Each structure stands twice: as C-alpha cells, then as structure tokens.
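Got the viewer open? Let's take a short walk through this one, a selection at a time.

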Amino acid sequence: MPIIAPSLLASNFLNLEAECKMLNDSSADWYHLDIMDGRFVPNISYGPMFVEVFRKATNKICDVHLMIEEPGNYAEAFKKAGADILSVHIEACPHLHRNIQQIKSLGMKAGVAVNPHTPVDALKDILADIDMVCLMSVNPGFGGQSFIPHTLLKIKQLREMIDERSLQVKIEIDGGVTLENAKSIIDAGADVLVAGSTVFKAADPIAMIAALKSL
Ligand code: DX5
Ligand code: ZN
C-alpha cells in the first residue's frame with residue numbers, strides 16, 4: 001500500500017482550516033509542504049511560519065520539501081516549526097553529506113530530492129545515509145504540471161540500487177501524479193506518492209486519497 005502525501009500547494013488558501021480537517025479525516029499518511037525561495041526555483045511559496053501553523057492543525061506526518069538554496073541555514077527553523085521529514089535538493093547542496101548529518105542530528109528524517117535531469121547514480125554515495133529520495137517527476141517550482149514519463153525508468157533503477165544493498169530508503173514521487181498513472185508509478189517501485197492537484201482539485205478529496213491509497 002503506498003504512502004499518500006497530499007501537497008498543500010494546490011489547496012484552497014482561503015479555507016485552510018477546512019483543508020486541514022479534510023486531511024485529518026482522510027486516509028492520507030503524510031502531508032507535503034513545498035518551500036520555494038525564488039532562487040533555486042522560479043517561484044516563492046511559504047516558509048517555516050506556515051509549517052508551524054499546519055503542524056498545529058494536523059495529525060499526520062509533516063513532510064517538508066525544501067526547494068531553496070543554502071538549506072542548512074533553515075534546517076533548525078523547520079525543525080522548530082514541526083517538520084518530521086526534511087528533504088534538500090542534491091543540486092543545491094555542494095556539501096550534501098553535511099546537510100544530511102545536520103538534519104538527522106536535529107532529530108528529523110532526511111530526504112534528498114533530485115531534479116528530472118539528475119541521474120539516480122548521483123545518489124550512490126549518500127544512499128546509505130538517508131531515509132528517503134524525493135524523485136521529481138516534474139521540474140520543481142509549480143504544481144499542476146504533467147508527469148515526465150522517463151521518471152518510471154529512474155524509479156526502477158533506484159529501486160534496484162536500494163534493494164541490492166538491502167537499504168530502507170523510501171522512494172517518493174513528486175509531481176504530476178494522477179489516478180491514471182499512479183499504478184505504474186507504484187509498480188515501478190515507489191513507496192510514497194505526493195499529489196497536489198489530483199487531491200485538492202478533486203470533487204471529493206477524501207475519496208481521491210482513498211482511491212490512490214487502495215492501488
Ligand atoms: C513541485 C512541488 C510538488 C507539487 C506537486 O515543485 O514539489 O510537490 O506541489 O503538485 P502536483 O501534484 O499538482 O503536480
Ligand atoms: Zn514537492
């Protein structure tokens with residue numbers, strides 16, 4: 001059964017209390033918060049203050065995806081805000097190992113996110129130190145984009161790399177996940193599905209989460 005992590009980027013910001021209640025009442029396991037700095041990605045979203053508000057209103061695991069430069073400067077702030085899992089981008093971290101050590105020493109699970117053009121081979125020497133890989137299946141920065149089909153091959157390659165070393169690293173797929181393509185993503189070896197538009201633009205988000213979960 002996949003872990004479902006609705007992405008709040010697609011939620012109704014004028015009615016966040018109702019969105020949190022929906023999440024709490026749903027079979028979602030996690031929720032996914034996208035932090036964008038207008039530098040690493042061409043968009044700006046929200047910061048630790050928003051994470052803190054959500055943490056107080058929800059009872060699920062808080063999965064924070066940092067699409068920012070110099071994430072080490074903010075790891076502590078996101079821990080204080082209530083992040084359970086913190087992912088940083090490999091492309092933004094020349095000292096990735098140090099970033100991962102910092103996240104773990106703060107008591108969070110550590111994830112590494114990779115852009116569509118970054119080969120999964122680049123994770124070889126960090127894989128044993130992390131809890132999750134967030135494979136981007138769209139170019140980061142915006143919700144509502146189409147799934148890049150090449151990601152399926154990357155999932156299979158990464159699954160092999162993890163299994164042949166008997167590691168416990170989760171594979172999270174982020175971007176363009178729909179009810180139509182979710183089964184192929186899971187079959188390729190993914191553990192976690194992030195879903196923004198598919199959940200929050202659905203007529204019945206709770207039923208949509210349940211449908212994804214049952215695949
Ligand atoms: C994209 C974000 C995603 C996004 C997914 O930069 O990292 O988490 O919210 O949204 P959908 O599911 O609409 O593609
Ligand atoms: Zn994300």
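**Starting at a helix, ending at the sheet**

Select helix H4 and look at the side where Arg98 and Ser105 are exposed. Keep in mind as you go that this is a predicted model.

Now turn H4 around and pick out Leu96, Asn99, Ile100 and Ile103, the buried residues of this helix. They sit on the same side of H4 because they cover an arc of only 95° around the axis. What covers them? Strands S4 and S5 are among the elements that do.

Next, show residues 96-105 as a cartoon together with those two strands: H4 lies across S4 and S5, at about 145° to S5. Before leaving the helix, step just past its end to Gly107, where phi is positive, at about 95°.

Hide the helix and zoom in on S4 (residues 85-89) and S5 (residues 109-114), which run parallel and are joined by five bridges. For one facing pair, click Val88, which has Val112 of S5 opposite.

Time to zoom out. Color all the strands: eight of them make an open sheet with parallel pairing, and you can trace the order S1-S8-S7-S6-S5-S4-S3-S2. At the edges you'll find S1 (3-6) and S2 (30-36), each pairing on one side only. Tip the view to follow the twist, which averages 25° from one strand to the next.

For a last stop, go to the S1 edge and select residues 205-213. That's helix H8, lying across S1 and strand S8 (192-195) and running at about 145° to S1.

Notes
Residues are numbered from 1 along each chain as its sequence is written. Chains are lettered from A and ligands numbered from 1 in the order in which they are written. This is a predicted model: local features need pLDDT of at least 70, side-chain atom pairs count only at pLDDT 80 or more; totals for chains, interfaces and linings use all residues. Side-chain values use heavy atoms; hydrogens and water are left out. Two strands pair if DSSP finds at least two bridges between them. Helices (H or I, at least four residues) and strands (E, at least two) are DSSP runs, numbered from the N terminus. Axes are lines fitted to C-alpha atoms, for helices over the stretch in contact, and angles run from 0 to 180 degrees between N-to-C directions. Contact means heavy atoms within 4.5 Å. Buried means under 20% relative accessible area, exposed over 50%, partly exposed in between (1.4 Å probe, protein chains only). The arc is that of the directions from the helix axis to the C-beta atoms.
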